[in-house]
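Colleague: I'd like a close look at one part of this model, the place where a few helices come together. Could you walk me through who packs against whom, and then add a few words on another helix earlier in the chain?

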Amino acid sequence: MADDDLIYSTIGELNAKLKRREVSCVELTKAYLDRLESLGPKYNALALPLRKSALRKAKYVDGDIKIERFRGPLQGIPFGAKDLLAVAGYRTTWGAKPYENQVFKEDAAIIRKLDKTGAVLIGKLAMVELAGGGGYRYPSASLTGPGLNPWDRGRWAGGSSSGSGAAVAAGMVGFALGSETSGSILTPSAYCGVTGLRPTYGLVSRAGAMALSWTMDKIGPMCRSAEDCAFVLETIAGGDSADPGTAGKNFYYFPEYVRDLKQVKIGIAPVDYDMLADPSTKSGFDAALSVLKGLGLQTVVTHLPDFPYPAMAGTIIKAEASSIFEPLVTSGKVDELADQRLAQGLKAGLELPAKEYLKAMRIRALAQEAFRQLFVDVDILVAPTRYTVASKIGDALDRPPSAASADRPKGMSGLIPAGNLAGLPALSLPCGFADGLPIGLQLVSRAFNENLLLRMGIEFQARTDWHKRRPPV
């Protein structure tokens with residue numbers, strides 16, 4: 001395997017080495033491919049290696065660099081894509097047995113964009129089947145088996161972008177693409193100790209990606225650093241007539257034009273850290289908050305607008321996913337799924353009364369307005385990405401809350417479903433360890449405010465080294 005210092009370099013560092021011709025793109029691509037093909041199956045992270053096409057692309061990139069035709073920071077960077085993104089001529093399984101031989105004729109929109117800038121796709125990365133549509137009970141709900149965490153193979157890598165999180169954490173790729181409908185970028189980022197960005201709804205085209213929820217799906221980067229996320233987002237953002245949900249906006253990475261962080265107000269709920277977070281994580285979260293306060297940020301005690309976020313998100317996703325996968329249900333092939341709770345959830349969604357879906361959408365509009373009012377007083381909400389470390393592989397994921405937890409204050413524990421319902425951007429940053437496992441802090445802001453989130457993430461990571469820690473692979 002290649003030298004770990006090279007493998008774990010950031011996008012900016014790798015691109016600089018390529019430009020100085022300290023390493024060729026072919027050499028770099030082979031190094032990552034060897035690692036992906038060796039370690040990927042160990043963590044159930046690899047859906048499909050793309051060695052032949054990757055090396056062909058790498059040779060082309062080397063030719064460009066030789067004549068100093070530079071195409072941006074992603075030129076020559078090997079990456080992996082969650083297996084719900086179409087790659088022309090290759091299997092795109094959506095992590096599910098009924099689709100294990102599915103092949104598309106065209107690349108997904110963001111795969112085309114990355115190809116134009118010279119990024120090198122080296123593999124399709126494993127995922128929870130159908131991105132968890134319908135709900136699932138165990139991490140084993142995947143064609144490739146449960147996503148295993150590089151920090152502890154007895155723990156989950158997180159869903160549904162499990163392969164993306166594990167691949168970045170274990171140095172199998174330079175960066176990865178994940179998708180989120182309600183936590184599928186943020187959760188594996190926190191559990192695996194990587195930096196993940198959920199963009200504003202509509203900022204990135206979903207054309208050529210599996211649909212789970214038309215009104216909530218988002219695609220974003222999972223990387224080694226906040227700056228890496230910025231480089232990727234700048235490439236993949238933009239309007240697309242093939243995706244009616246796009247906002248027609250681009251993203252340009254200009255952290256120097258973000259206002260002074262001393263003028264920025266962050267909203268926190270003390271109960272998140274005092275009562276809701278697992279005791280083993282408390283010291284890590286407290287230390288992370290101290291770093292943020294050291295940036296000169298103004299702290300405001302706040303709370304989420306009071307809405308039933310999990311119930312709203314669950315109703316909307318269930319209705320839209322069941323409509324999308326109606327042919328799978330009616331054909332009977334839904335019973336081929338690895339997790340029967342997921343199969344039954346898709347079936348049940350077809351029986352969901354329209355009034356329930358419409359009621360959830362009406363309340364959602366009220367929640368979105370409440371968030372607009374909330375961001376008059378604060379600029380960024382800060383909360384634990386997840387309140388515990390990664391769960392054990394055998395643990396059920398749908399355990400009902402205990403009576404004691406039902407009586408506790410909610411703090412910002414509903415921020416993941418709330419942020420997704422409102423279409424808000426979020427950045428998850430590694431911020432420490434508990435029991436030898438990573439924990440993450442999430443930053444959420446108003447729509448299209450990614451530059452502020454990234455600037456804050458970069459400043460946090462300039463003062464910490466949690467994002468540089470490497471699992472014992």
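Modeller: Here is a walk through three helices that meet one another, followed by a helix from earlier in the chain.

Keep in mind that this is a predicted model. Let's start with helix 11, residues 309-324, and helix 16. Their axes are 8 Å apart and the two pack at an angle of about 50 degrees. That angle falls outside the ranges for parallel, antiparallel and perpendicular, so helix 11 and helix 16 are oblique to each other. Their crossing is left-handed. Which residues do the touching? On the helix 11 side you'll find Tyr-309, Pro-310, Met-312, Ala-313 and Ile-316, and they meet Pro-417, Ala-418 and Leu-421 of helix 16. By class, that contact holds eight nonpolar residues, no polar ones and no charged ones.

Now bring in helix 14, which covers residues 354-377. Its axis and that of helix 16, residues 415-422, come within 9 Å and cross at roughly 100 degrees. Since 65 to 115 degrees counts as roughly perpendicular, helix 14 is roughly perpendicular to helix 16. Here Arg-364, Gln-368 and Phe-371 from helix 14 meet Ala-418, Asn-420, Leu-421 and Ala-422 from helix 16. The make-up of this contact is four nonpolar, two polar and one charged. Ala-418 and Leu-421 of helix 16 turn up here, and they also turn up in the contact with helix 11.

The remaining pair is helix 11 with helix 14. Their axes come within 9 Å and cross at roughly 130 degrees, so these two are oblique to each other. The crossing of helix 11 and helix 14 is left-handed. From helix 11, Tyr-309, Met-312, Thr-315, Ile-316, Ala-319 and Glu-320 take part, and they meet Glu-356, Tyr-357, Ala-360, Met-361, Ile-363, Arg-364, Ala-367 and Phe-371 in helix 14. Sorted by class, the residues of this contact are ten nonpolar, one polar and three charged. If you want residues to click on, try Tyr-309, Met-312 and Ile-316 of helix 11: they are in the contact with helix 14, and they are in the contact with helix 16. On helix 14, Arg-364 and Phe-371 meet residues of helix 16 and also residues of helix 11.

Now for the earlier helix. Helix 4 runs over residues 51-66, 16 residues in all, and reaches 22 Å from its first C-alpha to its last, close to the 22 Å expected. Its buried residues are Ser-53, Ala-54, Leu-55, Lys-57, Ala-58, Val-61, Asp-64 and Ile-65. Those buried residues pack against helix 2, helix 3, helix 5 and strand 3. Just past the end of helix 4, Glu-68 takes a positive phi of about 60 degrees.

One to look at in helix 4 is Lys-57. Its relative accessible area is 15%, so Lys-57 is buried. Leaving aside residues up to four places away in sequence, Lys-57 touches Asp-115, Gly-118, Ala-119 and Val-120. Lys-57 and Ala-119 are 62 residues apart along the chain, with their C-alpha atoms separated by 8.5 Å.

Over in helix 3 sits Asp-34, which counts as partly exposed because its relative accessibility is 41%. The C-alpha atoms of Asp-34 and Ala-54 are separated by 12 Å, and the two residues are 20 apart along the chain.

Definitions and conventions:
Residues are numbered from 1 along each chain as its sequence is written. This is a predicted model: local features need pLDDT of at least 70, side-chain atom pairs count only at pLDDT 80 or more; totals for chains, interfaces and linings use all residues. Side-chain values use heavy atoms; hydrogens and water are left out. Axes are lines fitted to C-alpha atoms, for helices over the stretch in contact, and angles run from 0 to 180 degrees between N-to-C directions. Helices (H or I, at least four residues) and strands (E, at least two) are DSSP runs, numbered from the N terminus. Angles under 35 degrees count as roughly parallel, over 145 as roughly antiparallel, 65 to 115 as roughly perpendicular and the rest as oblique. Contact means heavy atoms within 4.5 Å. Ala, Val, Leu, Ile, Met, Phe, Trp, Tyr, Cys and Pro count as nonpolar, Asp, Glu, Lys and Arg as charged, and the others, Gly among them, as polar. A crossing is left-handed if the near helix is turned anticlockwise from the far one by less than a right angle, and right-handed if clockwise. The expected span of a helix is 1.5 Å times one less than its number of residues. Buried means under 20% relative accessible area, exposed over 50%, partly exposed in between (1.4 Å probe, protein chains only).
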